[in-house]
Every structure is written in C-alpha cells, then in structure tokens.
Amino acid sequence: MTRYIIIAFLAVLAVSCNGEQSLQEYYVDHKENNDFVMLDVPASLIIPQSDKFTADQKEVAQTVKKVNILALPLNAETKKLYKPETEKVKAILARDGYEELMSFGKPSQRMRLYFKGDEDAIDEVVVFAQDENKGFVLARVLGDNMNVADMVKLTQTMSKDSSSFKTGQFEGIMDIFKDK
Amino acid sequence: MTKILISTLVFLMGLTAQAQDPFQKFEDMQDVASIVVNQKMLKMLSQFDLDTDDPEMKNYVDLVNSLNDITFYSTKNTTTAKLMRTEFNKYLSVAKLDELMRVKDDGKDVQFYAKPGKSDDYVSEFVMFIDGISNSDDTVIAKITGNINLKEIGKIASSINFSGSEELKNVKVN
C-alpha cells in the first residue's frame, strides 16, 4: 500500500515539476521553433572592452554577461500563438522569483519590467513588451551583481565615445515593431 | 489542530494580499491604460544621479526616495469609468481617507484624498480621482504611497506623462 502512495506521490511530483517551467527553459524550448526569433548577444558585443576604460569601468562592464532576446513576430500563421504564449510568459514571470519593477500601457499593448536579485546588485533584468497586432519581445539581460548607478555612469562615458556603443545588433529585431 | 490554524492563516494572508490594491483589476480591463511603478524601481531611479550637485535634482531624488509606489489607471470607456467611481468610493470608506480638496471646473471633477502621515505636510497615501464621465473625458484613478510631502507632489506630475497627472500640480497646502 505504502509503495503505491509513494509512486503516486512521485508521479504527482514529476507532473508538477514539468509544469513549473522556468524562463530559461522557456527560452530553450523555443530556440528551435521557427515561429520565434531568437538572438543571443554576448555582452562583449554590446559593451566592448575598451582600452580607455579604467579598472573600475572594466569591472562594471564585466558584471553584464549576456543579452537574450526571444521574439514572436505576428503573421497569419503565428497569430494564434500570441494569447497562449503571452499568458505562459506572464505566468512564468509571476512565479519564477521575478519582481515587477514597473508596467505601463493597456491590455492590447504593454511593457513590463522585471528583475531578479537585490536592487543594488541585480542578477537579471527582463523586459517583456507585447502588442496584440505585432507580437511580443522578451529580452533578458543576464549578469552578476549589476548596479544601476554604475551602469548609468558607464553608459555616459560610452556615449561620449559613441563609436564604442554598438546598438546595430538590435536594429533587426526592432523591425518587427515597425509598422508594416 | 495546528495544521488547520496554519492553513487558515495562509488562506487569510492570501485574502489580505488580494485586498491590498482594489484597483489592480483595472489593469487587465480593455480600454484601461495604466502605469504601475514599484518601490524597487523608484529606489533604482534614485540611484541614477547620486553624485549630482544640482540642488533641484537632489530635491527630486529625495522625493523619489520617499515614495513606495505609484499607480495610475485611466479610461474613456463609460462603463469602466462608472466601475472605477464605484470602486473608488468603496475604497474611500474602507481606507479612511481624508478629503484634501475638490476642484470642479469646466465640467471636470477632480478629487484629492490622503491618509495622514507623520506630520501635517506629510501623508502616507495620496489618492486622486478625476471623474470624466459627464464630459466624456478620461476618468483617472491615481494612487501614490510612501512618506509624501504634499508640497512636493506637483513635481511627480512633471515626470509622469500620463492622462491627468498634470492635475497633481494643483494640490495646494495651506
């Protein structure tokens, strides 16, 4: 009898584990899916290590590890995916230890900002932008003890030397939000 | 016995967590635009310009630091607007807010309420309701919590670009 209970318990556990998808797993699951656009950018492409950086600045730049972008551009075929997929993402963000920083917009068009970690030592920032006619973009900035104030200072230095700040990598992905 | 006690407690905790923001449900309604800014976001924003020497900026950082959260909901839909009014009136009686002032002009009806804080100029919660039903304009609920200096609240208006936020500039303290 006890054996059956244990087996049943394990089965329930296995099922519930399966249902509790993390954001990382969500990314991995959709990597091979042709309806989605995926972009993995190592931090070195966004914040190139410049010789002009001081030791402190280098340290700040190194707290950013990489940027992951997953997008679902809507067309006749992917339209039906919008609702179930946005709900899946929202459910993961609500459950997977993310804290909402802010949100704005309306149900048909909204941007949400989440983070993980401490407010002065951030491990992950997630931007979730959705538009019921165009699709959604889920961007994650992964890092290790990232600090907002330090970042702002660093970007200020970089914008003085604007050639070192390469945003070109993102232009392609932003196209899906342009009016067709 | 203990188990029942704990589950009741957990259940009650769930209830209070839900009752915390009665306006949250508007976020998912069609025709409602919203802004929600949480405390951690405000804390991060205030880190932006820490080493600034500009007294104006420093003032602003202090203001941002004193807030807990900011929420704005607005709609032009009459049915939703009426629901907002009902919800707002319900909230007034539950949260025991004091009326600060009320402005009626050009068919616009703006009401300000607050929960008293540590001194006369400070409130722990500030709520604004703009009734736009009669002149088919935006109906807005704004709620700000924190340790808010009423004299400074107009400054929030300039940083939030949202329907009705400019009304905050009209808050006057005697």
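**Where chain B meets chain A**

Hi everyone! Let's start at the contact between the two chains, to which chain B brings 17 residues and chain A brings 13 residues. Please keep in mind that this is a predicted model.

Let's take the chain B side of that contact. Two elements of chain B, β1 and α2 (39-45), each give two or more residues to the side that touches chain A. The biggest giver is β1(B), with six residues. And what classes of residue are found on this side of chain B? There are ten nonpolar, four polar and three charged residues.

Now, how does β1(B) pair with chain A? This strand, residues 32-37 of chain B, runs antiparallel to β3(A), and four bridges join the two. You can find some of the partners yourselves in the structure. Go to Met102(A), and opposite this residue you'll see Val37(B), in β1(B). Then go to Ser103(A), which stands opposite Val36(B) of β1(B).

Let's stay with β3(A) for a moment, because there is a partner within chain A too. Strand β3 covers residues 99-106 of chain A, and seven bridges join this strand to β4, residues 109-118 of chain A. Here as well, the two strands run antiparallel. What joins β3(A) to β4(A) along the chain? A hairpin does, through two residues.

So let's go back to Ser103(A). Which residue is its bridge partner in β4(A)? That is Arg112(A). Put that together with what we saw a moment ago: Ser103(A) has Arg112(A) as its bridge partner in β4(A), and stands opposite Val36(B) in β1(B).

That's my tour, and thank you for listening!

Technical notes
Residues are numbered from 1 along each chain as its sequence is written. Chains are lettered from A and ligands numbered from 1 in the order in which they are written. This is a predicted model: local features need pLDDT of at least 70, side-chain atom pairs count only at pLDDT 80 or more; totals for chains, interfaces and linings use all residues. Two strands pair if DSSP finds at least two bridges between them. Two residues are in contact if their C-beta atoms, placed from the backbone, lie within 7 Å. Ala, Val, Leu, Ile, Met, Phe, Trp, Tyr, Cys and Pro count as nonpolar, Asp, Glu, Lys and Arg as charged, and the others, Gly among them, as polar.
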